[in-house]
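Colleague: I have a model open and would like to learn how to read it. Could we go through it feature by feature?

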Amino acid sequence: MTDPEGLARLRHIGWRDDALPDDPRRLARVVAQHRAGYEVHDGTEAFNAQPAGQFLKRGLDPAQRPAVGDFVLLSRATHPVIEEILPRRSTLTRAAAGERYERQVIAANIDFVMVLTGLDGDFNPSRIERYLTLVEGSGARAVVLLSKADTGVDVEAAVSGLLARLPADSAVHAINGKDPATVDLLAPYLGPGMSAVLVGSSGAGKSTLTNTLLGEERMATSAVRSHDSRGRHTTTHRALLSLPTGGCLIDTPGMRELKLTGEENLDLFADIETLVAQCRFTNCTHGKEPGCAVQAALASGELSPQRWRNFLKLHEEREEQAATMEARLRRKAGPKHSGGKPRRGGWSHDED
């Protein structure tokens with residue numbers, strides 16, 4: 001269904017299609033989630049809505065419930081109800097914190113994932129690789145933002161060292177989150193109809209950057225601790241914001257735990273996978289076996305020990321999460337379901 005006026009209105013909340021659903025129900029986008037329900041926006045106004053009963057079923061995969069960034073169809077009742085989630089073009093997920101395996105949707109229908117980390121004590125290339133691993137397969141593109149470039153750190157060394165660990169086409173920008181010039185720098189990622197989610201640890205400067213992009217002090221900010229450059233959670237829930245540039249930004253609380261889901265491909269480490277395939281023995285443990293391409297690369301400096309250790313850590317976690325997910329599916333399917341995803345490799349590693 002075409003409706004130029006309706007399409008123009010919905011562009012402000014990130015609608016990308018050239019037509020509207022042929023459905024009499026009300027179309028809106030989830031902009032925030034609270035304990036009492038959801039806040040949605042139809043391009044004109046924001047209002048509260050409750051999820052329909054099928055989203056409240058016990059045991060339902062949380063990834064099947066409405067999430068911030070979703071486009072949804074609502075009843076036209078006095079008190080709107082979310083009745084349907086439209087197909088997602090991209091979904092950023094992680095395994096929820098805790099022992100119980102569940103996938104948690106961080107944001108849906110996004111074009112870019114902006115990974116923000118400070119160039120102070122918060123700077124950790126291994127953690128950045130973990131973020132980028134989570135972005136793989138989401139349907140969105142990762143953009144690494146190194147904040148606090150104005151604090152006297154060696155920005156050039158930090159950027160070049162990080163780029164040496166990442167694929168050649170990686171987007172990395174050093175920024176000052178308070179500088180209005182940052183708006184122009186990030187404009188290619190936040191133009192009309194585009195949506196991005198901002199992720200990073202507490203104290204990295206997400207709220208500060210968000211305020212700069214908004215052009216006003218709307219998000220609360222706080223100081224960071226001196227000993228580790230971490231801060232308190234000034235953002236308490238995910239929220240989608242419309243920017244003056246025409247794009248949408250989803251701000252998120254700081255993430256203390258970034259658990260893989262078990263579905264990652266580890267494409268970020270494709271070069272290491274290539275080395276593994278070149279080992280003389282197919283069952284090489286990459287220790288002291290002759291003809292080990294990994295050990296040769298470590299000895300020559302082609303592969304850094306830090307990156308190798310981080311690959312091993314993420315590889316092992318991915319396999320453990322995949323096994324946990326498969327076991328959960330087996331329990332749900334009952335005794336007739338058999339088989340499972342075998343664990344690949346038993347390599348050891350040290351913590352970074």
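Modeller: Start with the surface. This is a predicted model, and its accessible surface comes to about 17,200 Å². Carbon and sulfur atoms account for 50% of that area.

Colleague: How many of the residues are buried, and how many helices and strands are there?

Modeller: Of the 352 residues of the protein, 50% count as buried. The protein has eight helices and 13 strands. Among contacts with a separation of 6 or more, 65% are between residues 24 or more positions apart.

Colleague: Take a single helix. Which residues of α3 are buried, and where do they lie around the axis?

Modeller: Buried here means under 20% relative accessible area. In α3, residues 155–163, the buried residues are A158, V159 and L162. Looking down the axis of α3, these buried residues fall within an arc of 95°, so they line one face of the helix. The cover over them includes α2 (125–135), β9 (141–147) and β10 (171–174).

Colleague: Which residues of α7 are buried, and which are exposed?

Modeller: In α7, A293, V294, A297 and L298 are buried. They cover an arc of only 140° around the axis, which puts them on the same side of α7. A299 and S300 are exposed on the other side of α7. The buried residues of α7 pack against α6 and α8. After α7 comes G301, which has a positive phi near 90°.

Colleague: What about α5: how many of its residues are buried?

Modeller: Eight of the nine residues of α5 (residues 206–214) are buried, so this helix is largely enclosed by the rest of the structure. The buried set is K206, S207, L209, T210, N211, T212, L213 and L214. Strands among the cover of these residues include β8 (112–118), β9, β11 (195–199), β12 (239–242) and β13 (248–251), and the helix α4 (181–186) is also part of the cover. G215 follows α5 and has a positive phi, near 80°.

Colleague: Pick one residue of α5 and show me its surroundings.

Modeller: Take L213, which sits in helix α5. Its relative accessibility is 5%, so L213 counts as buried. Leaving out residues up to four places away in sequence, L213 touches V183, L186, L190, L243, P244 and L249. Distance along the chain can also be set against distance in space. L213 and K178 are 35 residues apart along the chain, and their C-alpha atoms are separated by 9.2 Å.

Colleague: How do I describe two helices that pack together?

Modeller: Two packed helices are described by the angle between their axes and the distance between the axes. In this model, α6 and α8 (residues 305–333) pack at an angle of about 85°, with their axes 11 Å apart. That makes α6 roughly perpendicular to α8, because angles from 65 to 115 degrees count as roughly perpendicular. On the α6 side the contact is made by D271, I272 and E273, and on the α8 side by R307, W308 and F311. By class, this contact of α6 with α8 has three nonpolar, no polar and three charged residues.

Colleague: You gave phi for two glycines. Which residues other than glycine have a positive phi?

Modeller: The general idea comes before the cases. Most residues other than glycine have a negative phi. Two exceptions here are L266, with phi near 60°, and H286, with a positive phi of about 65°. L266 is in the loop between β13 and α6 and is buried, with a relative accessible area of 1%. H286 is in the loop between α6 and α7, and H286 too is buried, at a relative accessible area of 5%.

Colleague: What else is in contact with C292, and where does C292 lie?

Modeller: C292 lies in the loop between α6 (270–277) and α7 (293–300). Its relative accessible area is 7%, so C292 is buried. Apart from neighbours within four places in sequence, C292 is in contact with C279, C284 and H286. The C-alpha atoms of C292 and L275 are separated by 8.6 Å, and these residues are 17 residues apart along the chain.

Terms used:
Residues numbered from 1 in each chain as written. Predicted model: local features only at pLDDT ≥ 70, side-chain atom pairs only at ≥ 80, totals over all residues. Heavy atoms only, no water. Helix = DSSP H or I, 4+ residues; strand = E, 2+ residues; numbered from the N terminus. Buried < 20%, exposed > 50% of the residue type's maximum accessible area, 1.4 Å probe, protein only. Contact = heavy atoms within 4.5 Å. Areas by Shrake-Rupley, 256 points an atom, 1.4 Å probe, with all protein chains shown as cover. Arc of directions from axis to C-beta. Axes fitted to C-alpha atoms, helices over the stretch in contact; angles between N-to-C directions. Parallel < 35°, antiparallel > 145°, perpendicular 65-115°, else oblique. Nonpolar A, V, L, I, M, F, W, Y, C, P; charged D, E, K, R; others polar.
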